[in-house]
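Colleague: Could you take me through this model and tell me how you justify the words you use for it?
Modeller: Gladly, let's have a look together.

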Amino acid sequence: MALDDATMALLAELGKDAGPPIHELSIEEARAIGGALAGLSGAGPDLHAVREDTVPADDGYPIPVRVFIPSENSSGVLVYFHGGGWVIGSMADYDTLARKLAAETNCVVVLPDYRLAPEYAYPTAARDAWDVTNWTAASWPTEPLVVAGDSAGGNLAAVVAQQAVARGGPAMVLQILCYPVTDHHLDTVSYLDPANQLLLDRDLMIWFWDQYAPDPATRANPDASPLQGRLAGTPRALVLLAEHDVLRDEGEAYARALAESGVPVTMTIFDGQMHGFFQLVNVLPGAELAVRTVGNEVRSVIGGPVVDMQPPLV
């Protein structure tokens with residue numbers, strides 16, 4: 001189906017002041033545009049507490065994290081890795097979404113500022129994600145652990161889930177992958193479809209890969225392209241995809257590979273949505289529906305009532 005009305009209106013508004021495409025900008029300019037887009041979501045809900053902390057990386061670097069505590073009696077802990085092609089995005093940009101997820105799931109949400117490329121190229125982001133996940137498991141040892149992320153953050157969540165199996169823990173009850181980057185190939189049908197060249201297009205993904213993994217020989221490694229890894233034994237998965245997204249095919253392929261490996265998986269393709277919609281809570285009704293989908297999946301795993309899934313009015 002066509003993009004929904006809210007998405008069309010947003011793209012029309014953004015198009016009024018459109019400058020050069022992101023992949024033609026400097027790194028600093030690209031990050032500023034990402035921050036401005038995130039700012040459209042406004043403020044998230046008030047929570048019981050929000051605090052800042054740091055996690056020591058394996059090389060001693062202090063990884064900043066923001067911890068969102070929804071209530072005095074949380075039901076679990078969720079590590080959320082933000083999107084942005086491993087190049088843009090920050091915990092400040094994802095504050096509103098993290099607050100929404102904490103309120104929706106009643107889970108403590110740990111949101112890290114993992115190191116970005118090109119200053120810190122592959123595999124730094126994957127290593128930071130692993131260190132934050134282990135710190136979270138050690139900090140909340142009795143809570144069910146969920147790993148989640150969107151786009152490049154979904155890539156990191158999938159990588160961490162695989163590494164936990166290979167390394168014997170920590171135990172996870174769920175992985176939530178929102179339009180994840182799962183493979184380095186750029187020639188799938190969804191990549192080449194003109195209807196999918198929107199906020200994220202093929203040229204921008206080429207640029208992201210060039211910044212993150214400048215040596216093409218490393219891109220097939222499982223901690224860069226988790227579709228090439230061993231999926232058996234990874235936790236139950238929720239895979240959320242956008243209909244109009246260059247990454248849709250590799251997301252579907254990952255969901256199929258999970259199922260073929262014996263992993264329970266639920267995949268939902270959100271009709272009329274584009275890549276990036278999940279972050280735009282308070283802007284796109286599709287994002288609100290996706291957050292509720294996440295909440296229901298988390299509650300089905302750790303306990304709690306399922307809520308009405310009727311989509312909000314556009």
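**The cavity and two helices**

Modeller: Let's begin with the largest cavity of this predicted model: strand S3 (76-81), strand S5 (145-150) and strand S6 (174-178) each supply at least two residues of its lining.

Colleague: What makes this space a cavity?
Modeller: A 1.4 Å probe fits there but cannot get out, so the space counts as a cavity and not as an open pocket. About 40 Å³ lies in the largest cavity, and the count at 30 Å³ or more comes to one.

Colleague: Which residues line the largest cavity, and how many of the lining residues are charged?
Modeller: The lining consists of Leu78, Tyr80, Leu101, Ala148, Gly149, Ile176, Cys178, Phe278 and Val294. Eight are nonpolar, one is polar and none is charged. Gly counts as polar by the class rule, so Gly149 is the polar one.

Colleague: How do you know that the buried residues of H2 are on the same side?
Modeller: The buried residues of H2 (27-38) are Ile27, Ala30, Gly34 and Ala38. They cover an arc of only 80° around the axis, so they sit on the same side of H2. Helix H7 (202-212) is what they pack against.

Colleague: What covers the buried residues of H8?
Modeller: The cover includes helix H5 (152-166), S6, helix H6 (189-192), strand S7 (237-244) and strand S8 (265-274). Among the buried residues of H8 are Arg248, Asp249, Glu250 and Tyr254; each is called buried because its relative accessible area is under 20%.

Notes: Residues are numbered from 1 along each chain as its sequence is written. This is a predicted model: local features need pLDDT of at least 70, side-chain atom pairs count only at pLDDT 80 or more; totals for chains, interfaces and linings use all residues. Side-chain values use heavy atoms; hydrogens and water are left out. On a 1 Å grid over the protein atoms alone, a cavity is a set of points where a 1.4 Å probe fits but cannot get out, and a pocket is an open set with protein on both sides within 12 Å along at least five of seven lines; lining residues have an atom within 4 Å of a point. Grid points are joined across faces, edges and corners, and a volume is the space filled by probe spheres set on the points. Helices (H or I, at least four residues) and strands (E, at least two) are DSSP runs, numbered from the N terminus. Buried means under 20% relative accessible area, exposed over 50%, partly exposed in between (1.4 Å probe, protein chains only). The arc is that of the directions from the helix axis to the C-beta atoms. Contact means heavy atoms within 4.5 Å.
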